[in-house]
Amino acid sequence: MKILVIGASGMIGRILLPELQKKHEVITAGRSSGDVRVDISSFASIENLFKEVKELDAVVCVAGTTFSGPIQNVTGEHLISGIQNKVLGQTGLVIVGQHYLNDGGSFTLTSGKLGEQPAPQNAVKALANGALNSFVVAAAMDLDRGIRINAVSPGQVSIIPPQEVLNAYLHSIEGTTSGEVIKLGY
Ligand SMILES: NC(=O)c1ccc[n+]([C@@H]2O[C@H](COP(=O)([O-])OP(=O)(O)OC[C@H]3O[C@@H](n4cnc5c(N)ncnc54)[C@H](OP(=O)(O)O)[C@@H]3O)[C@@H](O)[C@H]2O)c1
């Protein structure tokens, strides 16, 4: 498979990359890292990405930052930036990328446990993760040409065995499931 990984240089990306590269052709992307540059907070940048990288079988997004901190400290800027980077960024990859993906291709997004099991000081993360999970379940009903979509929803990755993290992503990328929120570390 030809797989595009956005955020490959990050904590989760570094777990996935060596294994994916053993079996697949992998193209990495980030704002300042990877084979190609993209800022997923910009739709124009996402459009340019898919014009540059063609014939993809899978798109995996392990990027998108959001604010952590008590709600009293959340500013409009934090809210907008979290939505722009994580929600619009990851869903934008699907909105644009669906027109470029090969038949039978797949999207694997990354939400997070805080969407379903919120914790104090993480309202913006809860908002972004919940939105992504809802999007994935609904988008799976509409995507055509056999294109699949799932979200991996991890707890704190530093305390999850790396193999579990890898398996969750492989379940989406190499499996047949669609519209699933794949939970780990709950
Ligand atoms: N780590 C965890 O415990 C955990 C748990 C649950 C959910 N998650 C979610 O999983 C995702 C990845 O987490 P992580 O900890 O692996 O992140 P990370 O270590 O901070 O790495 C983020 C990666 O994404 C890229 N990136 C960031 N913003 C981008 C943008 N706007 N456009 C393109 N690339 C961008 C970064 O590269 P550049 O700097 O080169 O752009 C980097 O490769 C995030 O959405 C996070 O919320 C993480």
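This is a short dialogue on reading salt bridges, burial, ligand contacts and other features in a predicted model.

Trainee: What should I know before I start?

Mentor: The model is predicted, so local features need pLDDT of at least 70 and side-chain atom pairs count only at pLDDT 80 or more, while totals for chains, interfaces and linings use all residues. Residues are numbered from 1 along each chain as its sequence is written, and side-chain values use heavy atoms, with hydrogens and water left out.

Trainee: Let's start with charges. How many salt bridges are there?

Mentor: The rule is a side-chain nitrogen of Lys or Arg within 4 Å of a carboxyl oxygen of Asp or Glu. That gives four salt bridges here. One of them pairs Lys 23 with Glu 174, at 3.0 Å from N to O. Lys 23 belongs to helix H1 (residues 11–23) and Glu 174 to helix H5 (residues 162–174), so this pair ties together parts that are 151 residues apart in sequence. Helices (H or I, at least four residues) and strands (E, at least two) are DSSP runs, numbered from the N terminus.

Trainee: Are Lys 23 and Glu 174 buried or exposed?

Mentor: Buried means under 20% relative accessible area, exposed means over 50%, and partly exposed is in between, with a 1.4 Å probe and protein chains only. Lys 23 is partly exposed at 44%, and Glu 174 is partly exposed at 35%.

Trainee: Which other pairs are joined this way?

Mentor: Among them, Arg 145 and Asp 103 meet at 2.6 Å, N to O. This pair links distant parts of the chain, 42 residues apart: Arg 145 is in the loop between H4 and strand E6 (148–154), and Asp 103 is in the loop between H3 and E5. Arg 145 is partly exposed at 35%, whereas Asp 103 is exposed at 57%. Then there's Lys 183 with Glu 116, at 3.4 Å, N to O. Here too distant parts are linked, with Lys 183 in strand E7 (residues 180–184) and Glu 116 in the loop between E5 and H4, 67 residues apart. Lys 183 has a relative accessible area of 47% and is partly exposed; so is Glu 116, at 37%.

Trainee: On to the ligand. Which residues are closest to the ligand?

Mentor: A residue is near a molecule if one of its heavy atoms lies within 4 Å of it. In this model 25 residues surround the ligand, and the closest are Ser 9, Arg 31, Ser 33, Lys 86 and Val 157.

Trainee: And where are the polar contacts?

Mentor: Look for a pair of N or O atoms within 3.5 Å; within protein, one must be able to donate a hydrogen and the other to accept it, and residues adjacent in sequence count only if both atoms are side-chain atoms. A polar side-chain atom of Ser 33 is 2.6 Å from a ligand oxygen, and a backbone N or O atom of Gly 7 is 3.3 Å from a ligand oxygen. In Asn 85, a side-chain N or O atom lies 3.1 Å from a ligand nitrogen. On its own the ligand has 890 Å² of accessible area, and the protein covers 81% of that. Accessible areas come from the Shrake-Rupley method with a 1.4 Å probe; for residues, only the protein chains shown count as cover.

Trainee: Back to the loop between E5 and H4. What does Asn 122 touch?

Mentor: Contact means heavy atoms within 4.5 Å. Not counting residues up to four places away in sequence, Asn 122 touches Ser 68, Gly 69 and Leu 114. The side chains of Asn 122 and Ser 68 also make a polar contact of 2.8 Å. Asn 122 is buried, at 14%.

Trainee: What about Ser 111?

Mentor: Ser 111 sits in the loop between strand E5 (106–110) and helix H4 (123–142). Ser 111 is buried, at 5%. Leaving aside neighbours within four places in sequence, its contacts include Lys 86, Asn 129 and Pro 154.

Trainee: Now the backbone. Where is phi positive in a residue other than glycine?

Mentor: Two cases to look at are Glu 55, with phi near 55°, and Gln 121, with phi near 70°. Glu 55 is in the loop between helix H2 (43–52) and strand E4 (58–61), and is exposed at 57%. Gln 121 lies in the loop between E5 and H4, and is partly exposed at 47%.
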